[in-house]
Amino acid sequence: MRTTIDLPDDLFRRAKATATIRGLKFKDLMAKFVEQGLNSATEETVHYGQHRPIPVVVRTGGLVIPAMTNQDIDQMLLQQDMESIGKI
């Protein structure tokens with residue numbers, strides 16, 4: 001499966017150098033690291049399917065930023081896309 005991730009430049013250089021030193025392709029090293037991370041996850045840190053409250057952000061000065069659902073965010077992004085192409 002092909003995917004894209006954004007890494008800070010210094011982290012990318014370290015990972016690329018590590019792959020070279022180990023004689024691995026960069027993608028193989030990344031797959032290994034992801035697999036190790038997933039395998040080391042414990043029941044305490046992985047909560048699949050459990051509902052968690054949506055965090056509410058309170059900014060300095062007491063301004064409360066309301067929690068948004070995925071549907072709210074999707075609607076907001078759709079509106080921004082439509083505005084950027086001149087449909088609204």
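**An aromatic pair and a pocket in a predicted model**

Good morning. Across the whole structure, a search finds 1 aromatic pair. Its members are Phe-12 and Phe-26, with ring centres 5.2 Å apart and ring planes at 65°; an angle over 60 degrees counts as edge-to-face, so this pair is edge-to-face. The pair links distant parts of the chain, since Phe-12 belongs to helix H1 and Phe-26 to helix H2, residues 26-40, with the two positions 14 residues apart in numbering.

Are these two rings buried or exposed? Phe-12 has 38% relative accessibility and therefore counts as partly exposed. Phe-26, at 22%, also counts as partly exposed, because buried would require a value under 20%. For the protein chain as a whole, 5% of the 88 residues count as buried.

I should state clearly that this is a predicted model. The mean pLDDT of the protein chain is 81, and 75% of the residues reach 70 or more. Which elements mark the two ends of the confidence range? Helix H1, residues 9-22, has the highest mean pLDDT among the elements, at 93, whereas strand E1, residues 57-58, has the lowest, at 68. As a general caution, predicted coordinates should not be read in detail where pLDDT is low.

Turning to the overall architecture, the protein chain contains 3 helices and 2 strands. Read from the N terminus, the order of the elements is α-α-β-β-α.

Two of the helices deserve a closer description. Helix H1 has 14 residues, and the distance from its first C-alpha to its last is 20 Å, close to the 20 Å expected at 1.5 Å a residue. After H1 comes Gly-23, with a positive phi near 75°. Helix H3 covers residues 70-84, 15 residues in total; its end C-alpha atoms lie 21 Å apart, which agrees with the 21 Å it should span at 1.5 Å a residue. H3, too, is followed by a glycine with positive phi: Gly-86, near 80°.

Finally, I come to the largest pocket, which holds about 390 Å³ of space. Which residues line the largest pocket? They are Met-1, Arg-2, Thr-3, Ile-5, Phe-26, Lys-27, Met-30, Ala-31 and Val-34. By class, this lining divides into 6 nonpolar residues, 1 polar and 2 charged. Phe-26 thus has two roles in this account: it is one of the residues of the pocket lining, and its ring pairs edge-to-face with that of Phe-12.

Thank you for your attention.

Technical notes:
Residues numbered from 1 in each chain as written. Predicted model: local features only at pLDDT ≥ 70, side-chain atom pairs only at ≥ 80, totals over all residues. Heavy atoms only, no water. 1 Å grid on protein atoms, 1.4 Å probe; cavity = no way out; pocket = protein on both sides within 12 Å on 5 of 7 lines; lining within 4 Å. Points joined across faces, edges and corners; volume = space filled by probe spheres on them. Nonpolar A, V, L, I, M, F, W, Y, C, P; charged D, E, K, R; others polar. pLDDT = per-residue confidence, 0-100. Helix = DSSP H or I, 4+ residues; strand = E, 2+ residues; numbered from the N terminus. Expected span 1.5 Å × (residues − 1). Phe/Tyr/Trp six-rings, centres within 6.5 Å; stacked < 30°, edge-to-face > 60°. Buried < 20%, exposed > 50% of the residue type's maximum accessible area, 1.4 Å probe, protein only.
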